[in-house]
Amino acid sequence: MSRQVFLHPIANTIAKLLILGIVGGAVGLTVFSMLVARSPLMAQVDIAPVQPVPFSHEHHVDGLGLVCRYCHVYVEDSAFAGVPQTEICVGCHSQVWADSPTLAPVLDSYKANESLEWNRVYDLPDYVYFNHSIHINKGVACVSCHGQVNEMPIVRKQSTLHMDWCLDCHRNREDNIRPRSEVFDMHWEAPEDLEALRQRLVEDYHVDVEQFNITDCSICHR
Amino acid sequence: MQLKPQLSKLFKFCALVCLLFVMTGCRFNMRDQPRYEALEGSAFFEDGRASRQMIEDTVARDNLRTDEHFYTGQIDGVPVETFPFPVTKEVLTRGQQRFDIFCAPCHGRIGDGNGMIVQRGFKQPFSFHIDRLRDASPGYFYGAITNGFGAMPIYATRIPPEDRWAIVAYIKALQLSQNAALADVPETELENLENQ
């Protein structure tokens, strides 16, 4: 039985509730803010950053049938996937839609030899080593990390890029692997023997090697 | 001011807890370390670019382009009639893949000059299947990819020399296939073709 401290009987309850409220509130607030900090919302998932030109992947990929690599030239060879040079835009837009005011920043940038300042959608923290080409060459499709870019009028981030997201795939490497030839296919239809195929690809592409494991810390934190 | 021992302990503990909260601020320095990423902006360089452009006439190690045939597609200013390396099935497959990426948007998958970008208003290129281009040398096509041709931009920055030759080989194969007679098909493949 608790000791009567306050004169009024209910005051004791109020005091207890108050203490519980303060402690519980503090704990709750901490937990809540931690959850928010780790939420896809805070990771900017599905939020389209404002770009100098409202470039539509949907139009260029699904509408015109351009392949990713027409503009993203270095994705297969470079650690950094790269943003296409203005020169590539102008290759076609010197003639197509050349008078459009929406395109003016691109043509101006080209003429003046000044950089067009795009806002990065996928930006990993600096303490993470990431190599784009190795993923492409081991059969990880564009769509696995970037989503259906071919359906996006303005590109939105489709993954949190949190460590658990990276690890999820590094631990279950067979879940996101496909034949190298299909990596760029945005509408790939998986064959019936998909599971067996993936197991085979993990071996064929040497995803697992003796010297290290792709879940090792030092794979990403070098 | 002298604090009682217990109070001093409590004070230290509180300070430690407060420090923990301050530590969350460290995250941002680690996230964005004082080094440039590729294509990042820079206040240091005049043109605002962290990624520096190569100084003119720089030659990377092992990159001295002495092989005129391979790098320019010309010998003494005349487009070459031959390929700098043997054209194998792999070369043709690579050529087809690269052709479909870089050329098909305008030239069309079969090289008839009727690609999607042309349908959207770009100047129509010649079909690869006219006599003049059927007779054109590999070096001629290589030159067009390397230096651009008419409205067509330079593709040298996007397609390395090996791939340019592979594309040329594939164009030559396209020219053959689009003008082939039934008699050109090997007997073993004939049945296959008729079944389609």
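Buried area is the accessible area, taken with a 1.4 Å probe, that two parts lose on being put together, summed over both. The structure examined here is a predicted model.

**Exercise 1.** Describe the contact between domain 2 and domain 3 of chain A, starting from the buried area.

*Solution.* Begin with the layout: chain A is divided into domain 1 (1–37), domain 2 (57–82 + 122–220) and domain 3 (84–117), and the C-alpha centres of domains 2 and 3 of chain A lie 29 Å apart. Next, count the participants, which are 7 residues from domain 2 of chain A and 5 residues from domain 3 of chain A. Together these two domains bury about 420 Å², with carbon and sulfur atoms giving 61% of it. On the domain 2 side, Tyr70(A), Cys71(A) and Tyr74(A) lose the most area to domain 3 of chain A, together 61% of what that side buries. Finally, turn to the polar terms: there are 0 salt bridges between the two domains, and 1 residue pair is in polar contact, both residues being at pLDDT 80 or more.

**Exercise 2.** Describe the contact between chain B and chain A, from its area to its salt bridges.

*Solution.* The area buried between the chains is about 2,500 Å², of which 51% comes from carbon and sulfur atoms, and the contact takes 26 residues from chain B and 27 residues from chain A. The count of salt bridges between the chains is 2; Glu37(B) and Arg120(A) meet through their side chains in a salt bridge, at 2.7 Å from N to O. Elements giving two or more residues to the chain B side are α2 (26–31), α4 (89–107) and α5 (116–119) of chain B, and α4(B) supplies the largest share, 6 residues. By type, that side divides into 12 nonpolar, 4 polar and 10 charged residues.

Methods
Residues are numbered from 1 along each chain as its sequence is written. Chains are lettered from A and ligands numbered from 1 in the order in which they are written. This is a predicted model: local features need pLDDT of at least 70, side-chain atom pairs count only at pLDDT 80 or more; totals for chains, interfaces and linings use all residues. Side-chain values use heavy atoms; hydrogens and water are left out. Contact means heavy atoms within 4.5 Å. A salt bridge is a side-chain nitrogen of Lys or Arg within 4 Å of a carboxyl oxygen of Asp or Glu. Helices (H or I, at least four residues) and strands (E, at least two) are DSSP runs, numbered from the N terminus. Ala, Val, Leu, Ile, Met, Phe, Trp, Tyr, Cys and Pro count as nonpolar, Asp, Glu, Lys and Arg as charged, and the others, Gly among them, as polar. Domain bounds come from an automatic or database domain assignment. A polar contact is a pair of N or O atoms within 3.5 Å; within protein, one must be able to donate a hydrogen and the other to accept it, and residues adjacent in sequence count only if both atoms are side-chain atoms.
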